[in-house]
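Colleague: I'm new to this one. Could you walk me through it while I look?

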Amino acid sequence: DARQPAYRQRPPDTRLTFNILNHQTLPGHPEPAARSAPEAGEAAVVPPARSRKPYNILNNRFLHDHDGKVAAERAAAAARTEEQFWQTHDYHPIEGRYYHPDKEKEFEALRRAAAAVHGQAQRRRLPPSVVHSEGQTYDILTAAAKDARRAAEAEAIADRALRQKQGARTEAAQKTRALEEEDLAAARSLGRVHPARFASTSGYDPLTNVGFQGRTG
């Protein structure tokens, strides 16, 4: 005959002898022996402080000053929630401003600083002839400078160009004067008798054939 399979015995639901909620003895377990009252002079057995709970796990209430502790916990939770809320929700989407006035002032200061240099990056990419043009450096109607630095650079460039033109005219005048002086010096050199013309190496006068030495002797 085939043997019947052996089944393991089901373990009990708990190995405790009492109910952990009401501390009553479970059915099928003997009642614990009653503890005698402590005699005079004998200290009662008190659980250590680390194992005592500040609240009752059955009614979920604090043992001492329940209302005050609950109010303190709610206030701390509200403060923590408010702090977390302001970390991510500091801008009013309808009014278009920050809730905190100091942050709104800081934002306005940043906007004014950005407005002061607005468009300068775009102007830097333009050609120099456009960047330093009159319409870009000052207002042609009010003569107010749009960019004082650009206006000074444009003025310096204009002065440099003017000086370059004056330098070219000065160099041309100096060259013309030098050529005239050179021509005058050449003309003067051609009209003057050279001293070597009167020097003679023959020793006598070619017209009279009389020796120079004999004339003085």
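**Salt bridges first**

Colleague: Let's start with arginine 97 and glutamate 95: how far apart, N to O, are they in their salt bridge?

Modeller: The side chains of these two, arginine 97 and glutamate 95, meet in a salt bridge, meaning a side-chain nitrogen of Lys or Arg within 4 Å of a carboxyl oxygen of Asp or Glu. Arginine 97 is partly exposed at 34% relative accessible area, and glutamate 95 is partly exposed at 48%; here buried means under 20%, exposed over 50%, and partly exposed in between, with a 1.4 Å probe and protein chains only. The N to O distance is 2.4 Å.

Colleague: Before we go on, what kind of model is this?

Modeller: Residues are numbered from 1 along each chain as its sequence is written, and side-chain values use heavy atoms, with hydrogens and water left out. Local features need pLDDT of at least 70 and side-chain atom pairs count only at pLDDT 80 or more, while totals for chains, interfaces and linings use all residues, and the model is predicted.

Colleague: Which helix has the lowest mean pLDDT among the elements of the chain?

Modeller: pLDDT is the predictor's confidence in each residue, from 0 to 100. The chain averages 78, and 78% of the residues score at least 70. Among the elements, helix α1 (residues 66-88) has the highest mean, 91, and the lowest, 57, belongs to helix α7 (residues 212-216).

Colleague: How many helices and strands are there in the chain?

Modeller: Helices (H or I, at least four residues) and strands (E, at least two) are DSSP runs, numbered from the N terminus. Going from that end, the order is β-β-α-β-β-α-α-α-α-α-α. That gives 7 helices and 4 strands.

Colleague: Which residue forms a salt bridge with lysine 103?

Modeller: Side chains of opposite charge can pair when their charged atoms come close. The structure holds 2 salt bridges. Lysine 103 lies in helix α2 (residues 101-116) and its partner in the loop between α1 and β3, so the pair ties together parts 13 residues apart in sequence. With the closest N and O atoms 2.2 Å apart, the partner is aspartate 90.

Colleague: What else does aspartate 90 touch, not counting residues up to four places away in sequence?

Modeller: Contact means heavy atoms within 4.5 Å. Lysine 103, partly exposed at 36% relative accessibility, is one of the residues touched. The others are Tyr98 and Tyr99.

Colleague: Is leucine 21 buried or exposed?

Modeller: Leucine 21 sits in the segment before β1 (55-56). Together with Leu16, Phe18, Ile20, Tyr55, Ile57 and Leu58, Leu21 forms a nonpolar surface patch with about 720 Å² of accessible area. Such patches take residues with over 30% relative accessible area and no salt bridge, joining nonpolar side chains (Val, Leu, Ile, Met, Phe, Trp, Tyr) within 5 Å and like charges within 9 Å. At 57% relative accessibility, leucine 21 counts as exposed.

Colleague: What is the phi of asparagine 60?

Modeller: Asparagine 60 lies in the loop between β1 and β2 (61-62) and is exposed, at 61% relative accessible area. Asparagine 60 is not a glycine, yet its phi is positive, at about 55 degrees.

Colleague: And how much of the chain's 217 residues is buried?

Modeller: The chain exposes about 20,200 Å², with carbon and sulfur atoms supplying 55% of it; accessible areas come from the Shrake-Rupley method with a 1.4 Å probe, and for residues only the protein chains shown count as cover. Buried residues make up 6%.
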